[in-house]
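Trainee: Got a minute to go through this model with me? I'd like to know how each label is earned.

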Amino acid sequence: MQADRSPADNLKDQLWRLNNLYWITNKRGEKIRFTLNEAQASLLRDQHYLNIILKARQLGFTTFIQIYILDICVFYPDTRAGVIAHTRDDAEAIFRDKIKFAYDNLPAAIRAKVPIEKSNTTTLELANNSLIRVGTSLRSGTFQYLHVSEFGKICARYPEKAREIVTGALNAIEAGQMAWIESTAEGQEGRFYELVEEAQSKARLGTTLTPLDWKFHFYAWWEEPTYTMDPRGVAIPPKLDRYFRELEPEIGVRLTPGQKAWYAKKAEVQKDDMKREFPSTPKEAFEASVEGAYYGAQMAAAETEGRIGRVPYEPTLRVETWWDLGMSDAMSIWFVQRFRREIRVIDYYEASGEGLAHYAKHLSEKPYTYSRHIGPHDSRVRELGTGVSRVETAESLGVRPWEVAPKLDVADGIDAVRNLLARCWFDAEKCADGIKALKNYRKEWDEHRGVWLSRPRHDWASHGADAFRTGSVSPEPANHQPSRLEMPDFGVA
């Protein structure tokens, strides 16, 4: 900054204002002057009208966006800005700690020129007719600046609220207005995941973005300079050492011993949540275990141990199928081969709105030789209209021999799946949709109490997970002789 610039010139410069006018509290609760860190400066430099931000935690984006919005509202009259958080408590905390605190600590001369006209726990209305409002959906508002915080969590925990945000606040965005959606990842579903995928696709193709296209931003943990520590005395586990060796050529960066030490110590606490909370790549963020997922740890172990890759069909082994028989929604089938104690999961199929004849035809078109087909415990129930059970229908279509899985409590079935997953090898390509279902099968979230319930959420992931549970609770085949675990000779992707 030039030394001979006047205070008036400084106030006309937004970058100067952002680095000099505002005060915040840091992670230790200390009042400090806000200055842009590297990640925040990068976003300010690279931002578009509409910005979708996938990030590691604690990089300060929520704070930066609130300061940016407040700065616009203070220095430009007639501005409308909205902030959406995933709970009311979070929305009020953002307003109190990041917006109102920053305004209250502005220089007195600026506050005197742009005083508060009205303020409560969710709204700051200034005398220049600018306004900032926070909430959990803001459906009725029209804003020139909009920030949606932790949209991934909103999509995962509150799907109805996410739909309301999309159809309301996001739908009201006009060309030339600015918006930021920032979040850590929460599984491969929901509008946040879809927006990231669409924005990434445009970035890969080099598509020229219009004012109504979302621009993709990703900020990995290894890009943050403070995420490092003294490596002395920190042991890197073999699994992490392998992870770092595979990661470095992918990201084109050689990690320092300090970065590896920081990651290792952080992972001791975060465990299966590490890749979601502190992702190294966008792909990794969405493949990480989902919060509240039943099989997150087991599927993460399968990936780490290289048990998700290429698992070809072995013609000398028979195939058994595991079914979930939906009535009007999706029906799912897993295709499995057993070799000693290995469970080779070679294929997966799912469809909806089709009768059993469709699935029988699909099975007949496969090159597989079948040993048995296992359906859920209720597949022997006779339908009221025909008096025929689905077992009888399936067998009449050539899907035989049919076995019915024992009826167990859902919790016992989930435990059976967890135990079996340690023996499973998945074909990554043919089982992609089924693997996605297992990773995203999760508990129901109680919005009012803010806790995970003990029952599963019924959604798209339920079908594949239920079909896998059908096979997991069934007895080993009579001619199957368990033996010691053999490492397979097929390749791993």
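**Labels and the values behind them**

Trainee: Why is tryptophan 180 called buried?

Mentor: Tryptophan 180 has a relative accessibility of 0%, and buried means under 20%, so the label applies. Keep in mind that this is a predicted model. The residue sits in strand E9, residues 178-183.

Trainee: Which residues does tryptophan 180 touch, leaving out those up to four places away in sequence?

Mentor: The list is Leu43, Gln47, Asn51, Ile53, Ile65, Tyr68, Ile69, Tyr145, Leu146, His147 and Val148. Also, the C-alpha atoms of tryptophan 180 and isoleucine 52 are 6.0 Å apart, with their positions 128 residues apart along the chain.

Trainee: What share of the protein's residues counts as buried?

Mentor: Of its 493 residues, 52% do. The protein has 19 helices and 19 strands, and its C-alpha atoms fill a box of roughly 90 × 60 × 45 Å along the principal axes. If you take contacts between residues at least 6 apart in sequence, 71% of them join residues at least 24 apart.

Trainee: Now aspartate 324. How do you know that it has no salt bridge?

Mentor: Look at the nearest side chain of opposite charge: that is arginine 469, and it is 7.0 Å away. A salt bridge needs a side-chain nitrogen of Lys or Arg within 4 Å of a carboxyl oxygen of Asp or Glu, so aspartate 324 goes without one, although it is buried.

Trainee: Where is aspartate 324, and what does it touch?

Mentor: Aspartate 324 is in strand E12, residues 319-324. Beyond residues up to four places away in sequence, it touches Ala330, Met331, Ser332, His463, Asp466 and Ala467.

Trainee: What makes glutamate 150 stand out in its backbone?

Mentor: Its phi is positive, about 50°, and it is not a glycine. Most residues other than glycine have a negative phi. Glutamate 150 is in the loop between strand E8 (145-149) and H7.

Trainee: Arginine 340 also has a positive phi, near 55°. Are glutamate 150 and arginine 340 buried or partly exposed?

Mentor: Glutamate 150 has a relative accessible area of 9%, which is under 20%, so it is buried. Arginine 340 comes out at 35%; that falls between 20% and 50%, so it is partly exposed. You'll find arginine 340 in the loop between strand E13 (330-339) and strand E14 (342-352).

Trainee: Why is the peptide bond from arginine 400 to proline 401 called cis?

Mentor: Check omega: it is near 0° for that bond. Proline 401 is in the loop between helix H16 (390-396) and strand E16 (402-404).

Trainee: On to empty space. What lines the largest pocket?

Mentor: That pocket holds about 1,400 Å³ of space and has 42 lining residues, with Tyr243, Lys275, Ala300, Glu303 and Thr304 nearest its centre. Elements giving two or more residues to the lining include helix H10 (238-251), helix H14 (296-304) and helix H18 (432-440). By class, the lining splits into 21 nonpolar, 7 polar and 14 charged residues.

Trainee: And what is the volume of the second largest pocket?

Mentor: About 1,100 Å³. It is lined by 33 residues, and Lys27, Gln58, Gly60, Thr63 and Lys98 are the closest to its centre. H5 gives the most to that lining, with 5 residues. The classes here are 9 nonpolar, 12 polar and 12 charged.

Trainee: What makes a space a cavity and not a pocket?

Mentor: A 1.4 Å probe fits in a cavity but cannot get out, whereas a pocket is open. The structure holds 2 cavities of 30 Å³ or more. The largest has about 50 Å³ of space, and its lining includes Leu138, Phe143, Leu146 and Ile173.

Trainee: How many charged residues line each cavity?

Mentor: The largest cavity has no charged residues in its lining, just 6 nonpolar and 3 polar. The second largest, at about 40 Å³, has 5 nonpolar, 2 polar and 2 charged. Glu186 and Glu189 are among the residues that line it, and Glu counts as charged, so those two belong in that class. H7 gives the most to this lining, with 3 residues.

Terms used
Residues are numbered from 1 along each chain as its sequence is written. This is a predicted model: local features need pLDDT of at least 70, side-chain atom pairs count only at pLDDT 80 or more; totals for chains, interfaces and linings use all residues. Side-chain values use heavy atoms; hydrogens and water are left out. Helices (H or I, at least four residues) and strands (E, at least two) are DSSP runs, numbered from the N terminus. Buried means under 20% relative accessible area, exposed over 50%, partly exposed in between (1.4 Å probe, protein chains only). Lys and Arg count as positive and Asp and Glu as negative; His and the chain ends are not counted. Contact means heavy atoms within 4.5 Å. On a 1 Å grid over the protein atoms alone, a cavity is a set of points where a 1.4 Å probe fits but cannot get out, and a pocket is an open set with protein on both sides within 12 Å along at least five of seven lines; lining residues have an atom within 4 Å of a point. Grid points are joined across faces, edges and corners, and a volume is the space filled by probe spheres set on the points.
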